[in-house]
Amino acid sequence: MPFHDQHVHSNQSVDSQADPAECVENALNHGLSGITFLEHFDPHPAEWDECIYDDQRYSATIESLRSDSGNRLFIGKGIEVGYCRDRMDFALDFLSRHQFDLVMLSDHFFEDRALHVREEWAGLDATEGTRRFLQEMLEVARFCESVHQGGHHVFHVLGHLDLAKRYTSRFFDTNATPLCSDLIDEILRTCIAANLVPEINTSTLRQGLDEPMPGIKTIVRYAKLGGTAMSIGSDAHLAEHVGADLDHAARLLRAAGLNHVALFKDGKRIDVPLEQGCCDPL
Ligand SMILES: [Zn+2]
Ligand SMILES: [Zn+2]
């Protein structure tokens with residue numbers, strides 16, 4: 001099965017300079033069946049002033065990319081909303097007025113501490129920081145569940161659920177996720193109950209870690225608890241990273257006994273089988 005990268009940032013996100021047309025070109029060069037842009041929408045007060053999200057510009061870009069590429073691959077318009085407890089009404093109002101193929105909710109903060117800033121880990125060791133981050137991720141998953149109404153899902157995918165390990169690896173040279181399996185299980189159970197799909201985000205494989213977010217143990221737990229499919233994405237911020245390590249993510253899915261990836265088009269979930277032979281099990 002050709003892969004569909006469901007997590008790409010272009011220069012419509014504040015932290016990327018990537019030309020969207022180059023991202024599509026790279027997706028085609030990699031033989032991908034689809035690329036979904038997930039531009040940052042960061043309502044957190046520390047980020048909103050810098051957030052350059054512009055829906056009109058973004059929609060026009062997607063339209064022109066679609067007409068230039070014909071039917072050679074699917075080009076998705078998605079959004080990565082950053083969780084901020086006090087600003088979710090604002091985000092929900094925005095989402096109710098705009099149309100997306102895929103809406104991801106992710107968290108780049110915990111207790112108002114920016115994960116990527118070393119000083120904001122003051123007073124915490126890797127394990128305590130990871131626990132507090134995962135506690136907030138559980139809140140994020142429960143929030144998604146609370147705003148689902150009937151068959152309508154505001155949020156489709158939960159982004160990089162164990163993101164703390166990217167920073168504990170950098171700041172403390174350790175990954176404390178395995179010490180928090182109780183919280184991981186609770187997050188996964190909530191996802192399954194809420195029909196919220198966790199992603200496998202391969203960016204950590206380019207950043208010196210030996211596993212994506214999440215790693216194989218969490219993917220196996222997800223399958224054991226009843227999960228059936230996950231979303232896969234590179235979280236590329238450079239055109240050359242589009243499609244990176246999606247085959248690795250697919251191998252982990254298969255190793256966990258999950259034989260489908262969850263794709264989103266026009267807000268609808270489609271579980272697509274990972275065909276036999278497309279990747280060898282680990
Ligand atoms: Zn993110
Ligand atoms: Zn992202």
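How many bridges join strand 4 to strand 7, and do the two run parallel or antiparallel? In the predicted model described here, strand 4 and strand 7 (residues 157-158) are joined by two bridges and run parallel. Leu105 of strand 4 has Leu158 as its bridge partner in strand 7. The sections below place this pairing in the wider architecture.

Confidence in the prediction is considered before the fold. The mean pLDDT of the protein is 95, with 98% of its residues at 70 or more. Residues 276-282 have a pLDDT below 50, and in the model this stretch makes 12 contacts beyond near neighbours in sequence.

The secondary structure consists of nine helices and 11 strands. The C-alpha trace spans about 50 × 45 × 40 Å along its principal axes. A compact globule of 282 residues would have a radius of gyration near 19 Å, and the value for the protein, 18 Å, agrees with this. Of the 282 residues, 45% count as buried. When contacts between residues at least 6 apart in sequence are considered, 76% join residues at least 24 apart.

Nine of the strands form an open sheet with mixed pairing, in the order 1-2-3-4-7-8-9-10-11. The edges are occupied by strand 1 (4-8) and strand 11 (268-273); each has a single partner strand, so one side of each is left without a neighbour in the sheet. Strand 11 pairs with strand 10 (residues 260-265) in the antiparallel sense, over six bridges. Within this pair, Ala262 has Asp271 of strand 11 as its bridge partner.

Elsewhere in the sheet, strand 3 (residues 74-82) has eight of its nine residues buried, so this strand is largely enclosed by the rest of the structure. Strand 3 runs parallel to strand 2 (residues 34-41), to which eight bridges join it. Strand 3 also runs parallel to strand 4 (residues 102-106), in this case with five bridges. Val81 of strand 3 takes part in both pairings: Phe41 stands opposite Val81, and Val81 in turn stands opposite Leu105 in strand 4. Strand 3, helix 4 (residues 88-96) and strand 4 together make a β-α-β unit, which is right-handed.

Strand 4 is mostly covered, with five of its five residues buried. The cover extends to both faces of the strand. Leu102, Met104 and Ser106 are buried on one side, and Val103 and Leu105 are buried on the other. Leu105 is thus a buried residue that stands opposite Val81 and has Leu158 as its bridge partner in strand 7.

Two helices were examined for the placement of their buried residues. In helix 1 (residues 20-29), the buried residues are Pro20, Cys23, Val24, Asn26 and Ala27. Viewed down the helix axis, these residues fall within an arc of 160°, so they line one face of helix 1. The elements that cover them include strand 1, strand 2, helix 3 (55-69) and strand 3. Gly31 follows helix 1 and has a positive phi, near 70°.

Helix 9 (residues 246-255) has Leu246, Ala249, Ala250, Leu252 and Leu253 as its buried residues. Seen down the axis of helix 9, they fall within an arc of 160°, so they line one face of the helix. These residues pack against strand 1, strand 8, helix 8, strand 9 (229-233) and strand 10. Just after helix 9, Gly257 takes a positive phi of about 85°.

Is Gly215 buried or partly exposed? Gly215 lies in the loop between strand 8 (197-201) and helix 8 (216-224). There are 19 other C-beta atoms within 10 Å of Gly215. A residue counts as buried with 20 or more such atoms and as exposed with 12 or fewer, so Gly215 is classed as partly exposed. Gly215 and Val197 are 18 residues apart in sequence, and their C-alpha atoms are 15 Å apart in space.

Notes
Residues are numbered from 1 along each chain as its sequence is written. Chains are lettered from A and ligands numbered from 1 in the order in which they are written. This is a predicted model: local features need pLDDT of at least 70, side-chain atom pairs count only at pLDDT 80 or more; totals for chains, interfaces and linings use all residues. pLDDT is the predictor's confidence in each residue, from 0 to 100. Two residues are in contact if their C-beta atoms, placed from the backbone, lie within 7 Å. Helices (H or I, at least four residues) and strands (E, at least two) are DSSP runs, numbered from the N terminus. Two strands pair if DSSP finds at least two bridges between them. A crossover is right-handed if, with the strands pointing away from the viewer, the path from the first strand over the helix to the second runs clockwise. The radius of gyration is taken over C-alpha atoms; the globule rule is 2.2 Å times the number of residues to the power 0.38. The arc is that of the directions from the helix axis to the C-beta atoms.
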